[in-house]
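User: Hi, I'm a first-year student and I'd like to go through this structure one question at a time. Can we begin once it's up on the screen?

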Amino acid sequence: MTTQQLLTLAIEAKRSELYHQADQSSFTSPRVLQLSHELDVLLLEYSRTVQNYTIHGSNEPLLS
């Protein structure tokens with residue numbers, strides 16, 4: 001599996017966990033806020049991975 005695929009799976013699992021926890025308590029509970037932060041970190045990492053892939057994997061110039 002590629003890094004992007006692994007991150008996608010981790011993001012979906014974290015999102016599912018966050019929604020489940022929010023359903024059990026509330027969207028403002030400390031655990032949900034922690035999960036939200038963890039999801040943000042995963043999304044940022046995914047975004048950086050995609051950006052690096054696009055920059056380094058493209059034959060097109062960055063500026064036209």
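User: Which helix holds both R15 and E12?
Analyst: These two sit three residues apart, about one turn of the helix. Helices here are DSSP runs (H or I, at least four residues), numbered from the N terminus, while strands are E runs of at least two. Both residues lie in helix α1.

User: Before we go on, what kind of model is this?
Analyst: Residues are numbered from 1 along each chain as its sequence is written, and side-chain values use heavy atoms, with hydrogens and water left out. Local features need pLDDT of at least 70, side-chain atom pairs count only at pLDDT 80 or more, and totals for chains, interfaces and linings use all residues, because this is a predicted model.

User: How far apart are the closest N and O atoms of R15 and E12?
Analyst: Side chains of opposite charge can pair when their charged atoms come close. A salt bridge here is a side-chain nitrogen of Lys or Arg within 4 Å of a carboxyl oxygen of Asp or Glu. R15 and E12 form one, and their closest N and O atoms are apart by 2.9 Å.

User: Is R15 buried, partly exposed or exposed?
Analyst: Buried means under 20% relative accessible area, exposed means over 50%, and partly exposed is in between (1.4 Å probe, protein chains only). R15 has a relative accessible area of 26%, so R15 is partly exposed.

User: How many salt bridges does a search of the whole structure find?
Analyst: R15 with E12 is one of the pairs. The side chains of E38 and K14 also meet in a salt bridge, at 2.6 Å from N to O. That pair links distant parts of the chain, with E38 in helix α2 and K14 in helix α1. Over the whole structure, the search finds four.

User: Is K14 buried or exposed?
Analyst: Its partner E38 counts as partly exposed, at 23% relative accessibility. K14 has 16% relative accessibility, so K14 counts as buried.

User: Which residues are joined into one network by salt bridges that share partners?
Analyst: Take R31 and E17, whose side chains meet at 2.8 Å, N to O. R31 is in helix α2 and E17 is in helix α1, 14 residues apart. Salt bridges that share partners make one network of K14, E17, R31 and E38.

User: Where do the buried residues of α1 sit around its axis?
Analyst: The buried ones are L7, I11, K14, L18 and A22. They cover an arc of only 70° around the axis, the arc being that of the directions from the helix axis to the C-beta atoms. D23 and Q24 are exposed on the other side of α1. The arc therefore puts the buried ones on the same side of α1.

User: How far apart are the end C-alpha atoms of α1?
Analyst: The expected span of a helix is 1.5 Å times one less than its number of residues. The 22 residues of α1 should therefore span 32 Å. That agrees with the model, where the end C-alpha atoms are apart by 31 Å.

User: Which residues does Y46 touch, not counting those up to four places away in sequence?
Analyst: Y46 lies in helix α2 (residues 30–57). Y46 and I11 are 35 residues apart in sequence, yet 8.8 Å apart in space, C-alpha to C-alpha. With contact meaning heavy atoms within 4.5 Å, Y46 touches Q4, L7, T8 and I11.
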